[in-house]
Amino acid sequence: MHADIGLGIFVALIAAKLFGVELSGQLIGLSVLFALLPDVDFLVHAIMYRKIGGKHAHIHRDLFHYPLLYCAIGGAIAALFGWLWSFVFVTASLAHFVHDSMGVGWGIKWLYPFSKNIFKALSDDKGNLSMCGSVMWNEAELQKVADEKGNEHWIRDIYFRWHPIGIVEGVLFLASLGALWFALR
Ligand SMILES: [Zn+2]
């Protein structure tokens, strides 16, 4: 989550430079909100199943984790509110999806509704970290991998222990705060 906040901050910084607009609280706030928005389905999942995390938390990505849908909405935002907000919405959302495709979890359905296959980078077909690997699972294959290899305590093990992914995400978040401080001073 903090990595998505960092990505939202970076998108706001890029948008301000690209469109020559003020780095306002509105721009930063909305960009961070857009970078977090897809994980609303994590909340829905947590309420429905009365559980936060767990080895089948990938199911939470079945409501709002569809990048092509966000590109279509971005077109509507461009028509209604202009290219700045379309850029912020689409770029912050896609940054979230890229993050979800290479960090924690089992990837996402990049081509939905045309394909239900799930793509993940930096992973082998068993879900192990692989610096040169990428994988595509169908839903049944992913269910099997999650059953076999899923970690019931991934939140604790990644974010409250010294885990490489947790460290990279923490560094990304701190770097975004540093860049924001540098831009605002
Ligand atoms: Zn997500």
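Contacts between residues 24 or more positions apart make up 51% of those with a separation of 6 or more in the protein chain. That figure, like everything below, comes from a predicted model. In terms of secondary structure, the protein chain has 8 helices and 2 strands, and reading from the N terminus the order is α-α-α-α-α-β-β-α-α-α. The radius of gyration works out at 17 Å, close to the 16 Å that the globule rule gives for 185 residues, so the chain is as compact as a globular protein of that length. Its C-alpha trace spans about 50 × 40 × 35 Å along the principal axes, and 30% of the 185 residues count as buried.

Helix α1 is a good place to start looking inside. It takes in residues 2–19, and at 1.5 Å a residue these 18 residues should span 26 Å; the end C-alpha atoms are indeed 26 Å apart, so expectation and model agree. Plenty of α1 is buried: the list runs Ala3, Asp4, Gly6, Leu7, Gly8, Ile9, Phe10, Val11, Ala12, Leu13 and Ala15. These buried residues pack against three other helices, namely α2 (25–36), α5 (83–102) and α8 (164–184). Right after α1 ends, Gly20 adopts a positive phi of about 65 degrees.

The largest nonpolar core counts 20 residues, and the ones with the most contacts inside it are Leu7, Val11, Ala12, Ala35 and Ala92. At least two residues of this core come from each of α1, α2, α4 (67–81) and α5. Helix α1 provides the largest share, with 8 residues. Take Ala12 as a case in point: once its neighbours within four places in sequence are set aside, Ala12 touches Leu23, Leu27, Ile28 and Ser31. Apart from the largest core there is another, of 8 residues, with Ile108, Val135, Leu142 and Ala146 among them.

Now for the strands. β1 (residues 118–123) and β2 (residues 129–137) pair in the antiparallel sense over 5 bridges, and in one of these pairings Ile118 has Trp137 of β2 as its bridge partner. The two strands form a hairpin with 5 residues between them, and Gly127 in the turn shows a positive phi of about 85 degrees. Asn128 also sits in the loop between β1 and β2. Asn128 counts as exposed because it has 12 other C-beta atoms within 10 Å, and the limit for that class is 12 or fewer. Between the C-alpha atoms of Asn128 and Leu7 there are 24 Å of space, with the two residues 121 apart along the chain.

Finally, the record. An unreviewed UniProt entry annotates residues 30–48, 68–92 and 162–184 as "transmembrane region". In the model, residues 68–92 are 96% helix and 0% strand, with end C-alpha atoms 14 Å apart. For residues 162–184 the end C-alpha atoms are 32 Å apart, and that span is 91% helix and 0% strand.

Definitions and conventions. Residues are numbered from 1 along each chain as its sequence is written. This is a predicted model: local features need pLDDT of at least 70, side-chain atom pairs count only at pLDDT 80 or more; totals for chains, interfaces and linings use all residues. Helices (H or I, at least four residues) and strands (E, at least two) are DSSP runs, numbered from the N terminus. The expected span of a helix is 1.5 Å times one less than its number of residues. Two residues are in contact if their C-beta atoms, placed from the backbone, lie within 7 Å. Two strands pair if DSSP finds at least two bridges between them. A nonpolar core is a set of buried Ala, Val, Leu, Ile, Met, Phe, Trp, Tyr and Cys residues joined through C-beta atoms within 7 Å. UniProt positions are given in the numbering used here, feature names are shortened, and annotations may be inferred rather than shown by experiment. The radius of gyration is taken over C-alpha atoms; the globule rule is 2.2 Å times the number of residues to the power 0.38.
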